[in-house]
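Let's take a look at how far this model can be trusted, and then at what sits inside it.

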Amino acid sequence: MRSRVREFDSSTLNESVQNTIMRDLKAVGKKFMHVLYPRKSNTLLRDWDLWGPLILCVTLALMLQRGSVDSEKDGGPQFAEVFVIVWFGAVTITLNSKLLGGNISFFQSLCVLGYCILPLTVAMLVCRLVLLAELGPINFMVRFFVVIVMFAWSIVASTAFLADSQPPNRKALAVYPVFLFYFVISWMILTFTPQ
Amino acid sequence: MPSKQDSNDDTEDVALFDAEEETTNRPKKSKIRHPVASFFHLFFRVSAIIVYLLCELFSSSFIACMVTIILLLSCDFWAVKNVTGRLMVGLRWWNHIDEDGKSHWVFESRKASSQESKTVSEAESRIFWLGLIACPVLWVVFAFSALFSFRVKWLAVVIMGVVLQGANLYGYIRCKVGSRKNLTSMATSYLGKQFLRQIVVEIQQCRGPVFAVNISFRASPLCTPFSPLACNLCIVH
């Protein structure tokens, strides 16, 4: 789903399919750049779309598989688990912030939370590469450091977008579930060991 | 005599002209103008359902099937919402966030214009609505079957299918109905008409004297055309 300020004439009603695809791809790319360099801006909120969160969620769930992918008892439940944790967690945080009186809409909040999983996905990639070397305390320290840095990056990126939508005395109450959400994902990444 | 013949010729001429006009118009209305869009409209939905049903046969990997179905469902959602809706039936819906941060849902339909290329063709419209309605119904059936046969690991995918395809169905129905009337008032007025029609039929069938039938009804969703209440109104004098 995506939103865009469209004029009520036929300019986008009759555009070619290629234009539509390119426009949507550019919007998704722009949001990824915004997450990598978080600044206070409204772009993520105004033009929300859920493509980025879907891609990141599928990538993260695929990388968190244990065991070989083609066996009979493969990591099926774990894949669905990651999916459910990410989406159910995002929905819960959105409901929480709406109940606290925030003026952000449901899909905008899902969009921001989903896009800010990007640093943790990068951390997962790095961890998988590091795990190709031999296991040991140094290995663990490297992974721990990477995950902590990316976790802090995710928190900073999402609060830069979400904190403004809350009344000032409720900011901590709204940010604390976000902290918990990314903490659970970071925990899943850090404790991952391939068989 | 000549006048009669003239009038005969005139009527014949008019009749021929009408028949010609119909035969030239009918192929245009039922021709498929966007074959690629029609194909893709049905392709993603039907292949998602086929992969779900035949996943046991295709591959023993649950994850590969799940990822394939998820990708097909997302592509189908995007294609139907952004491309096939406006090409095939001229309808479009989206979400718009204004300066204050409030979100509005906009449902738009293309106005009927005199240009030939902009009118909606019958065949495309039928394909569009058939695909749009049949598939969410199937996904709801799958949801119940997954729930009751305890194949819970598929429930995530099936719920995603229901949500995405149901959202498109709801959006396009609202575009079609128009944003001025809402669905509740439309349903109420339809049921009200059915009720009134049934009462009129009953009154006409009643034998006995009916002096004054005071009908004041408020259409409610609980009234059905077959309720025995309609019969009792005949006896009121």
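In chain B of this predicted model, confidence bottoms out in helix 7 (residues 229-232), at a mean pLDDT of 46, and peaks in helix 4 (residues 122-148), at 90. Here pLDDT is the predictor's per-residue confidence, from 0 to 100, and helices are DSSP runs of H or I, at least four residues, numbered from the N terminus. Chain B averages 74, with 66% of its residues at 70 or more. Two stretches stay under 50: residues 1-27 of chain B, with zero contacts beyond four places in sequence, and residues 216-237 of chain B, with 28 such contacts (contact: heavy atoms within 4.5 Å). Where pLDDT is low, don't read the predicted coordinates in detail. For the complex, the predictor gives an ipTM of 0.77 and a pTM of 0.71.

On to the holes: there are four cavities of 30 Å³ or more. A cavity is a set of points on a 1 Å grid over the protein atoms alone where a 1.4 Å probe fits but can't get out, and lining residues have an atom within 4 Å of a point.

| Cavity | Volume | Lining |
|---|---|---|
| Largest | about 90 Å³ | seven nonpolar, four polar, no charged |
| Second largest | about 60 Å³ | eight nonpolar, one polar, no charged |

Helix 8 (171-190) of chain A is one of the elements supplying at least two residues to the largest cavity's lining, and gives the most, with three.

Residues are numbered from 1 along each chain as written, and chains are lettered from A and ligands numbered from 1 in written order. Local features need pLDDT of at least 70 and side-chain atom pairs 80 or more, while totals for chains, interfaces and linings use all residues; side-chain values use heavy atoms, without hydrogens and water.

Conventions. On a 1 Å grid over the protein atoms alone, a cavity is a set of points where a 1.4 Å probe fits but cannot get out, and a pocket is an open set with protein on both sides within 12 Å along at least five of seven lines; lining residues have an atom within 4 Å of a point. Grid points are joined across faces, edges and corners, and a volume is the space filled by probe spheres set on the points. Ala, Val, Leu, Ile, Met, Phe, Trp, Tyr, Cys and Pro count as nonpolar, Asp, Glu, Lys and Arg as charged, and the others, Gly among them, as polar.
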